[in-house]
Amino acid sequence: MMKKIMLLGSGELGREFVIAAKRLGQYVIAVDSYNDAPAQQVADEREVIDMLDGGALDALVARHRPDLIVPEIEAIRTERFYDYEEQGIQVVPSARAANFTMNRKAIRDLAARELGFRTARYRYAASPGELRAAVGEIGLPCVVKPLMSSSGKGQSTLRTQEDIDRAWSYSQSGRRGDIAEVIVEAFVPFHTEITLLTVTQKNGPTLFCPPIGHRQERGDYQESWQPCRISEEHLQEACEIAGKVTGSLTGAGIWGVEFFLASDGLYFSELSPRPHDTGMVTLAGTQNLSEFDLHARAVLGLPIPEIRLLRAGASAVVLADDEGKNPSYAGLEDALREPDTDIRIFGKPLTRPYRRMAVTLAYGSPDGDVDALKAKAVANAARVKVTGE
(Lines give C-alpha, C1' and ligand atoms only; values in the text may rest on other atoms or scores of the structure.)
Protein backbone atom coordinates (compact mmCIF):
# COMPACT_ATOMS: atom_id res chain seq x y z
CA MET A 1 0.00 0.00 0.00
CA MET A 2 1.40 3.41 -0.95
CA LYS A 3 2.12 5.77 1.94
CA LYS A 4 2.74 9.51 1.84
CA ILE A 5 6.09 10.20 3.48
CA MET A 6 7.24 13.67 4.55
CA LEU A 7 11.04 13.80 4.75
CA LEU A 8 12.28 16.63 6.99
CA GLY A 9 15.78 17.42 5.75
CA SER A 10 16.85 16.53 2.23
CA GLY A 11 20.59 15.94 2.21
CA GLU A 12 22.55 13.02 0.80
CA LEU A 13 21.25 10.53 3.35
CA GLY A 14 17.70 11.63 2.61
CA ARG A 15 18.34 11.27 -1.11
CA GLU A 16 19.27 7.61 -0.77
CA PHE A 17 16.29 7.02 1.51
CA VAL A 18 13.94 8.56 -1.07
CA ILE A 19 15.37 6.27 -3.76
CA ALA A 20 14.82 3.25 -1.50
CA ALA A 21 11.27 4.35 -0.66
CA LYS A 22 10.40 5.02 -4.31
CA ARG A 23 11.57 1.54 -5.23
CA LEU A 24 8.97 0.28 -2.77
CA GLY A 25 6.22 2.33 -4.43
CA GLN A 26 5.97 5.16 -1.90
CA TYR A 27 5.18 8.88 -2.36
CA VAL A 28 7.71 11.31 -0.85
CA ILE A 29 7.59 15.03 -0.08
CA ALA A 30 11.14 16.29 0.52
CA VAL A 31 11.47 19.34 2.80
CA ASP A 32 14.54 21.49 3.36
CA SER A 33 15.56 25.04 4.14
CA TYR A 34 16.79 25.63 0.58
CA ASN A 35 15.59 24.60 -2.87
CA ASP A 36 17.04 21.79 -4.98
CA ALA A 37 18.56 19.92 -2.03
CA PRO A 38 19.76 16.41 -2.95
CA ALA A 39 16.65 14.48 -1.85
CA GLN A 40 14.32 17.01 -3.48
CA GLN A 41 15.80 16.11 -6.85
CA VAL A 42 14.40 12.55 -6.66
CA ALA A 43 11.21 13.10 -4.61
CA ASP A 44 7.61 13.48 -5.82
CA GLU A 45 7.17 16.93 -4.26
CA ARG A 46 9.37 19.47 -2.55
CA GLU A 47 8.83 22.17 0.06
CA VAL A 48 11.17 24.87 1.36
CA ILE A 49 10.60 26.11 4.92
CA ASP A 50 12.44 26.91 8.12
CA MET A 51 11.80 23.72 10.09
CA LEU A 52 12.62 25.57 13.33
CA ASP A 53 9.48 27.63 12.74
CA GLY A 54 6.86 25.57 14.54
CA GLY A 55 3.95 27.38 12.93
CA ALA A 56 5.32 26.83 9.43
CA LEU A 57 5.92 23.17 10.20
CA ASP A 58 2.39 22.73 11.56
CA ALA A 59 0.94 24.36 8.46
CA LEU A 60 2.97 22.12 6.17
CA VAL A 61 1.88 18.96 7.96
CA ALA A 62 -1.76 20.11 7.94
CA ARG A 63 -1.63 20.81 4.22
CA HIS A 64 -0.07 17.51 3.16
CA ARG A 65 -1.41 15.16 5.87
CA PRO A 66 1.43 12.64 5.52
CA ASP A 67 1.17 9.09 6.79
CA LEU A 68 4.79 9.19 8.00
CA ILE A 69 7.19 11.93 9.05
CA VAL A 70 10.86 10.96 8.62
CA PRO A 71 13.42 13.40 10.13
CA GLU A 72 16.86 13.58 8.51
CA ILE A 73 18.38 16.52 10.42
CA GLU A 74 18.45 17.99 13.93
CA ALA A 75 17.22 21.53 13.19
CA ILE A 76 13.51 20.79 13.57
CA ARG A 77 10.91 21.76 16.18
CA THR A 78 10.80 18.14 17.30
CA GLU A 79 8.50 18.93 20.24
CA ARG A 80 5.71 19.25 17.64
CA PHE A 81 6.13 15.57 16.85
CA TYR A 82 4.11 14.56 19.91
CA ASP A 83 1.10 16.43 18.52
CA TYR A 84 1.56 14.79 15.12
CA GLU A 85 1.56 11.35 16.72
CA GLU A 86 -1.68 12.21 18.49
CA GLN A 87 -3.11 13.10 15.08
CA GLY A 88 -2.35 9.58 13.91
CA ILE A 89 0.82 10.35 11.94
CA GLN A 90 3.71 7.91 12.33
CA VAL A 91 6.87 9.76 13.39
CA VAL A 92 10.10 7.88 12.64
CA PRO A 93 11.31 6.24 14.73
CA SER A 94 8.98 7.91 17.27
CA ALA A 95 8.35 11.36 18.73
CA ARG A 96 10.16 10.28 21.90
CA ALA A 97 13.20 9.07 19.95
CA ALA A 98 13.40 12.20 17.81
CA ASN A 99 13.21 14.51 20.82
CA PHE A 100 15.78 12.60 22.85
CA THR A 101 18.32 12.07 20.10
CA MET A 102 18.19 15.47 18.40
CA ASN A 103 19.64 16.90 21.64
CA ARG A 104 22.91 15.47 23.02
CA LYS A 105 21.87 16.32 26.58
CA ALA A 106 18.79 14.13 26.51
CA ILE A 107 20.45 11.10 24.95
CA ARG A 108 23.58 11.33 27.11
CA ASP A 109 21.56 11.55 30.32
CA LEU A 110 19.40 8.63 29.19
CA ALA A 111 22.43 6.47 28.38
CA ALA A 112 24.61 7.35 31.35
CA ARG A 113 22.17 8.12 34.17
CA GLU A 114 19.04 6.12 33.40
CA LEU A 115 20.46 3.09 31.62
CA GLY A 116 23.87 3.10 33.30
CA PHE A 117 26.08 2.71 30.22
CA ARG A 118 29.72 3.69 30.38
CA THR A 119 30.38 7.01 28.62
CA ALA A 120 33.08 9.65 28.72
CA ARG A 121 32.76 11.89 31.82
CA TYR A 122 30.78 14.99 30.88
CA ARG A 123 29.39 18.33 32.01
CA TYR A 124 27.15 20.96 30.43
CA ALA A 125 27.80 24.68 29.93
CA ALA A 126 25.55 27.51 28.74
CA SER A 127 28.03 30.41 28.77
CA PRO A 128 31.78 31.02 28.41
CA GLY A 129 32.08 31.17 32.19
CA GLU A 130 30.27 27.88 32.66
CA LEU A 131 32.46 26.36 29.96
CA ARG A 132 35.60 27.37 31.87
CA ALA A 133 34.20 25.80 35.03
CA ALA A 134 33.22 22.61 33.20
CA VAL A 135 36.67 22.29 31.62
CA GLY A 136 38.16 22.76 35.07
CA GLU A 137 36.13 19.81 36.35
CA ILE A 138 36.64 17.52 33.36
CA GLY A 139 40.28 18.40 32.73
CA LEU A 140 42.31 18.65 29.53
CA PRO A 141 42.23 17.40 26.87
CA CYS A 142 38.46 17.43 26.40
CA VAL A 143 35.89 17.78 23.63
CA VAL A 144 33.23 20.50 23.35
CA LYS A 145 30.11 19.95 21.22
CA PRO A 146 26.91 21.95 20.75
CA LEU A 147 23.91 20.09 22.12
CA MET A 148 22.37 20.32 18.65
CA SER A 149 24.65 19.97 15.61
CA SER A 150 25.64 17.45 12.96
CA SER A 151 28.62 16.44 10.84
CA GLY A 152 31.04 17.81 13.43
CA LYS A 153 29.84 21.42 13.13
CA GLY A 154 30.79 23.47 16.17
CA GLN A 155 32.87 20.66 17.71
CA SER A 156 36.35 21.30 19.16
CA THR A 157 39.07 19.40 20.97
CA LEU A 158 40.57 21.54 23.75
CA ARG A 159 44.19 20.96 24.75
CA THR A 160 45.04 24.24 26.54
CA GLN A 161 43.20 26.88 28.54
CA GLU A 162 43.70 29.25 25.61
CA ASP A 163 41.39 27.06 23.50
CA ILE A 164 38.30 27.73 25.65
CA ASP A 165 37.10 31.07 24.25
CA ARG A 166 37.70 29.93 20.67
CA ALA A 167 35.78 26.70 21.35
CA TRP A 168 32.80 28.60 22.74
CA SER A 169 32.64 30.91 19.70
CA TYR A 170 32.97 27.99 17.31
CA SER A 171 30.26 26.02 19.12
CA GLN A 172 27.83 28.91 18.69
CA SER A 173 28.62 29.35 14.99
CA GLY A 174 28.19 25.62 14.33
CA ARG A 175 25.10 24.86 16.42
CA ARG A 176 21.76 24.03 14.89
CA GLY A 177 18.65 25.53 16.40
CA ASP A 178 18.46 28.07 19.19
CA ILE A 179 20.06 26.12 22.06
CA ALA A 180 23.38 27.69 23.10
CA GLU A 181 24.31 25.00 25.66
CA VAL A 182 27.26 22.67 24.98
CA ILE A 183 28.44 19.34 26.32
CA VAL A 184 32.01 19.04 27.59
CA GLU A 185 33.38 15.48 27.40
CA ALA A 186 36.57 14.01 28.78
CA PHE A 187 38.78 12.79 25.96
CA VAL A 188 38.63 8.99 25.63
CA PRO A 189 41.96 7.58 24.39
CA PHE A 190 40.26 5.21 21.95
CA HIS A 191 41.93 3.14 19.29
CA THR A 192 38.78 2.40 17.26
CA GLU A 193 35.47 4.17 16.58
CA ILE A 194 32.59 2.03 15.40
CA THR A 195 29.03 2.54 14.25
CA LEU A 196 26.64 -0.30 14.95
CA LEU A 197 23.69 0.12 12.60
CA THR A 198 20.68 -1.16 14.54
CA VAL A 199 17.28 -1.89 13.01
CA THR A 200 14.15 -1.86 15.17
CA GLN A 201 11.02 -3.31 13.59
CA LYS A 202 7.29 -3.01 14.10
CA ASN A 203 6.72 -6.76 13.91
CA GLY A 204 10.09 -8.39 14.26
CA PRO A 205 13.25 -8.62 16.35
CA THR A 206 15.91 -5.91 16.58
CA LEU A 207 18.63 -6.61 14.03
CA PHE A 208 22.28 -5.53 13.90
CA CYS A 209 24.50 -4.90 10.90
CA PRO A 210 28.17 -5.95 10.89
CA PRO A 211 30.09 -3.18 12.69
CA ILE A 212 31.42 -0.24 10.69
CA GLY A 213 34.73 1.41 11.53
CA HIS A 214 35.29 5.07 10.80
CA ARG A 215 37.79 7.91 11.06
CA GLN A 216 36.88 11.53 11.75
CA GLU A 217 38.42 14.96 11.19
CA ARG A 218 36.87 18.18 12.51
CA GLY A 219 34.22 15.94 14.09
CA ASP A 220 33.06 14.69 10.67
CA TYR A 221 33.59 11.27 9.13
CA GLN A 222 36.27 10.95 6.45
CA GLU A 223 36.41 7.20 5.82
CA SER A 224 34.35 4.20 6.89
CA TRP A 225 34.80 0.49 6.39
CA GLN A 226 32.78 -2.67 6.93
CA PRO A 227 33.32 -5.01 8.59
CA CYS A 228 35.35 -3.48 11.38
CA ARG A 229 37.00 -6.47 12.97
CA ILE A 230 36.47 -6.35 16.74
CA SER A 231 36.29 -9.10 19.31
CA GLU A 232 33.12 -11.14 19.69
CA GLU A 233 32.94 -10.00 23.32
CA HIS A 234 32.93 -6.31 22.38
CA LEU A 235 30.46 -6.92 19.57
CA GLN A 236 28.02 -8.64 21.90
CA GLU A 237 28.35 -5.84 24.44
CA ALA A 238 27.71 -3.23 21.73
CA CYS A 239 24.64 -5.13 20.53
CA GLU A 240 23.30 -5.34 24.08
CA ILE A 241 23.73 -1.59 24.65
CA ALA A 242 22.30 -0.66 21.25
CA GLY A 243 19.30 -2.93 21.81
CA LYS A 244 18.56 -1.43 25.22
CA VAL A 245 18.88 2.22 24.24
CA THR A 246 16.80 1.88 21.06
CA GLY A 247 14.23 -0.14 22.96
CA SER A 248 13.94 2.61 25.54
CA LEU A 249 13.47 5.25 22.86
CA THR A 250 10.87 3.15 20.99
CA GLY A 251 9.87 3.12 17.34
CA ALA A 252 10.82 1.49 14.06
CA GLY A 253 13.72 2.39 11.79
CA ILE A 254 17.48 2.28 11.53
CA TRP A 255 19.73 3.84 14.15
CA GLY A 256 23.42 4.70 14.02
CA VAL A 257 24.80 3.81 17.46
CA GLU A 258 28.38 5.01 17.94
CA PHE A 259 31.00 3.58 20.30
CA PHE A 260 34.60 4.21 21.29
CA LEU A 261 36.78 1.15 21.80
CA ALA A 262 39.70 1.85 24.16
CA SER A 263 42.25 -0.29 25.95
CA ASP A 264 39.89 -0.52 28.93
CA GLY A 265 36.83 -1.50 26.89
CA LEU A 266 33.76 -0.11 25.17
CA TYR A 267 32.24 3.37 25.66
CA PHE A 268 28.84 4.51 24.37
CA SER A 269 29.30 7.74 22.41
CA GLU A 270 26.27 8.94 20.44
CA LEU A 271 23.15 7.78 18.65
CA SER A 272 21.31 8.96 15.53
CA PRO A 273 17.71 7.82 14.84
CA ARG A 274 18.18 7.59 11.07
CA PRO A 275 20.66 6.35 8.46
CA HIS A 276 24.19 7.27 9.48
CA ASP A 277 26.79 8.98 7.31
CA THR A 278 29.37 6.28 8.05
CA GLY A 279 26.79 3.76 6.81
CA MET A 280 27.19 5.06 3.27
CA VAL A 281 29.72 2.24 2.96
CA THR A 282 26.71 -0.08 2.57
CA LEU A 283 26.17 1.53 -0.85
CA ALA A 284 29.17 -0.59 -1.90
CA GLY A 285 26.95 -3.66 -1.63
CA THR A 286 28.53 -4.83 1.60
CA GLN A 287 25.16 -6.10 2.84
CA ASN A 288 22.18 -7.76 1.21
CA LEU A 289 20.25 -4.56 2.05
CA SER A 290 21.82 -1.09 2.32
CA GLU A 291 21.12 1.01 5.40
CA PHE A 292 18.64 3.00 3.31
CA ASP A 293 16.77 -0.09 2.16
CA LEU A 294 16.66 -1.27 5.78
CA HIS A 295 15.30 2.09 6.97
CA ALA A 296 12.59 2.11 4.30
CA ARG A 297 11.47 -1.42 5.10
CA ALA A 298 11.50 -0.83 8.85
CA VAL A 299 9.47 2.38 8.81
CA LEU A 300 6.92 0.85 6.42
CA GLY A 301 6.59 -2.28 8.53
CA LEU A 302 7.86 -4.55 5.75
CA PRO A 303 9.70 -7.79 6.59
CA ILE A 304 13.48 -7.91 6.99
CA PRO A 305 14.26 -11.64 7.14
CA GLU A 306 17.99 -11.15 7.81
CA ILE A 307 21.01 -8.91 7.36
CA ARG A 308 24.01 -10.62 5.77
CA LEU A 309 27.52 -9.42 4.98
CA LEU A 310 28.11 -10.04 1.28
CA ARG A 311 31.48 -8.38 0.82
CA ALA A 312 33.93 -6.05 2.54
CA GLY A 313 33.86 -2.40 1.60
CA ALA A 314 35.14 1.08 2.29
CA SER A 315 34.01 4.65 1.66
CA ALA A 316 35.85 7.98 1.55
CA VAL A 317 34.39 11.46 1.29
CA VAL A 318 35.00 13.98 -1.49
CA LEU A 319 35.12 17.50 -0.05
CA ALA A 320 34.80 20.93 -1.63
CA ASP A 321 37.61 23.44 -1.16
CA ASP A 322 35.93 26.77 -1.88
CA GLU A 323 32.58 28.52 -1.97
CA GLY A 324 30.74 28.35 -5.26
CA LYS A 325 27.66 27.19 -7.12
CA ASN A 326 26.82 24.75 -9.90
CA PRO A 327 29.72 22.42 -9.02
CA SER A 328 31.52 20.29 -11.57
CA TYR A 329 33.59 17.18 -10.89
CA ALA A 330 36.95 16.59 -12.54
CA GLY A 331 38.82 13.30 -12.30
CA LEU A 332 35.86 10.90 -12.51
CA GLU A 333 37.53 8.90 -15.25
CA ASP A 334 40.64 8.37 -13.16
CA ALA A 335 38.62 7.55 -10.04
CA LEU A 336 36.51 4.93 -11.79
CA ARG A 337 39.37 3.26 -13.64
CA GLU A 338 40.13 1.02 -10.66
CA PRO A 339 38.11 -2.23 -10.64
CA ASP A 340 35.52 -2.79 -7.90
CA THR A 341 35.02 0.91 -7.20
CA ASP A 342 32.16 3.38 -7.51
CA ILE A 343 31.22 6.96 -6.65
CA ARG A 344 28.04 8.69 -5.50
CA ILE A 345 27.76 12.41 -6.26
CA PHE A 346 25.16 13.98 -3.99
CA GLY A 347 23.92 16.78 -6.24
CA LYS A 348 24.38 19.66 -3.82
CA PRO A 349 23.95 22.93 -5.72
CA LEU A 350 26.43 24.95 -3.61
CA THR A 351 29.97 24.33 -2.40
CA ARG A 352 31.86 25.62 0.64
CA PRO A 353 35.11 24.58 2.33
CA TYR A 354 34.96 21.03 3.70
CA ARG A 355 31.41 20.47 2.45
CA ARG A 356 30.81 16.79 1.68
CA MET A 357 29.93 16.58 -2.00
CA ALA A 358 30.36 12.90 -2.90
CA VAL A 359 31.61 9.58 -1.59
CA THR A 360 33.88 7.04 -3.26
CA LEU A 361 33.36 3.32 -2.67
CA ALA A 362 35.56 0.24 -2.94
CA TYR A 363 34.64 -3.39 -2.33
CA GLY A 364 36.04 -6.92 -2.30
CA SER A 365 35.52 -10.38 -0.88
CA PRO A 366 33.96 -10.53 2.61
CA ASP A 367 37.17 -11.80 4.19
CA GLY A 368 39.38 -9.47 2.14
CA ASP A 369 41.88 -6.82 3.21
CA VAL A 370 39.77 -3.94 4.50
CA ASP A 371 42.83 -1.67 4.85
CA ALA A 372 43.57 -2.11 1.14
CA LEU A 373 39.97 -1.24 0.26
CA LYS A 374 40.15 1.82 2.48
CA ALA A 375 43.34 2.96 0.75
CA LYS A 376 41.71 2.47 -2.65
CA ALA A 377 38.65 4.54 -1.68
CA VAL A 378 40.83 7.32 -0.22
CA ALA A 379 43.02 7.42 -3.33
CA ASN A 380 39.99 7.68 -5.58
CA ALA A 381 38.50 10.46 -3.47
CA ALA A 382 41.75 12.42 -3.89
CA ARG A 383 41.43 12.07 -7.68
CA VAL A 384 38.08 13.87 -7.76
CA LYS A 385 38.28 17.68 -7.71
CA VAL A 386 35.15 19.77 -7.07
CA THR A 387 35.00 23.23 -8.60
CA GLY A 388 32.18 25.74 -8.48
CA GLU A 389 31.40 28.89 -10.42
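## Strand 4 and its neighbours

Let's start with a single pair of residues: Leu-7 has Val-70 of strand 4 as its bridge partner. Keep in mind that this is a predicted model. The two strands involved here are strand 1 (residues 4-8) and strand 4, which pair in the parallel sense over four bridges. Strand 4 also pairs with strand 5 (residues 90-91), again in the parallel sense, over two bridges. There, Leu-68 stands opposite Gln-90 of strand 5.

Now look at the two faces of strand 4 (residues 68-71), which are both covered. Leu-68 and Val-70 are buried on one side, and Ile-69 and Pro-71 are buried on the other.

## Helix 1 meets helix 9

Two packed helices are described by the angle between their axes and the distance between the axes. For helix 1 (residues 12-23) and helix 9 (residues 291-300), the axes come within 8 Å and cross at roughly 60°. The two helices are therefore oblique to each other, and helix 1 passes helix 9 in a right-handed crossing.

Which residues make the contact? Helix 1 brings Leu-13, Glu-16, Phe-17, Ala-20 and Ala-21, while helix 9 brings Glu-291, Phe-292, Asp-293, His-295, Ala-296 and Val-299. Sorted by character, the residues of this contact are seven nonpolar, one polar and three charged.

## Helix 5 under cover

In helix 5 (residues 104-114), the buried residues are Arg-104, Ile-107, Arg-108, Asp-109, Leu-110 and Ala-111. Their cover includes helix 4 (95-101) and helix 8 (232-249), along with strands such as strand 6 (122-125) and strand 15 (265-272).

After helix 5 comes Gly-116, with a positive phi near 75°.

Notes
Residues numbered from 1 in each chain as written. Predicted model: local features only at pLDDT ≥ 70, side-chain atom pairs only at ≥ 80, totals over all residues. Heavy atoms only, no water. Axes fitted to C-alpha atoms, helices over the stretch in contact; angles between N-to-C directions. Parallel < 35°, antiparallel > 145°, perpendicular 65-115°, else oblique. Left-handed = near helix turned anticlockwise from the far one by under 90°. Contact = heavy atoms within 4.5 Å. Nonpolar A, V, L, I, M, F, W, Y, C, P; charged D, E, K, R; others polar. Buried < 20%, exposed > 50% of the residue type's maximum accessible area, 1.4 Å probe, protein only. Pairing = 2+ DSSP bridges.
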